[in-house]
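Visitor: I have a chain open here and would like to talk it through. Can we start with one helix and work outwards?

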Amino acid sequence: MTNHTCMHCGAVLSGDEIALYKKLVYRESSQYLCLDCLAANLDTTRDKLNQLIIYFHRTGICSLFAKWEKPQ
């Protein structure tokens, strides 16, 4: 597995950060921004980006995010 880092600050990225960058910026990108840098770039907050990640996981409407199943 390759470790990806933020192209602005160098922070190590999670899979969700990469998926969100691809969803919001450019699907075919091979360089990414961490949530803090992406939030600054998009003039929003890290919390709102985290809410989007949760939304995409829960709904399963985007193939970049694995759908979260309800525990039984």
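**Around helix H2**

Guide: Helix H1 (15-24) and helix H3 (46-59) are among what covers the buried residues of H2, where contact means heavy atoms within 4.5 Å. This is a predicted model: local features need pLDDT of at least 70, side-chain atom pairs count only at pLDDT 80 or more, and totals for chains, interfaces and linings use all residues. Residues are numbered from 1 along each chain as its sequence is written, and side-chain values use heavy atoms, with hydrogens and water left out.

Visitor: Which residues of H2 are buried?

Guide: In helix H2 (residues 35-42) they are Leu35, Cys37, Leu38 and Ala39. Buried means under 20% relative accessible area (1.4 Å probe, protein chains only).

Visitor: And what follows H2?

Guide: Asp43, with a positive phi near 55°.

Visitor: Zooming out, how many helices and strands are there?

Guide: Three helices and zero strands, in the order α-α-α from the N terminus. Helices (H or I, at least four residues) and strands (E, at least two) are DSSP runs, numbered from the N terminus.

Visitor: What is the radius of gyration of the chain?

Guide: The chain has 12 Å, which agrees with the value near 11 Å for a compact globule of 72 residues. That radius is taken over C-alpha atoms, and the globule rule is 2.2 Å times the number of residues to the power 0.38. The C-alpha trace spans about 40 × 30 × 20 Å along its principal axes.

Visitor: How much of the chain counts as buried?

Guide: 29% of the 72 residues.

Terms used:
Buried means under 20% relative accessible area, exposed over 50%, partly exposed in between (1.4 Å probe, protein chains only).
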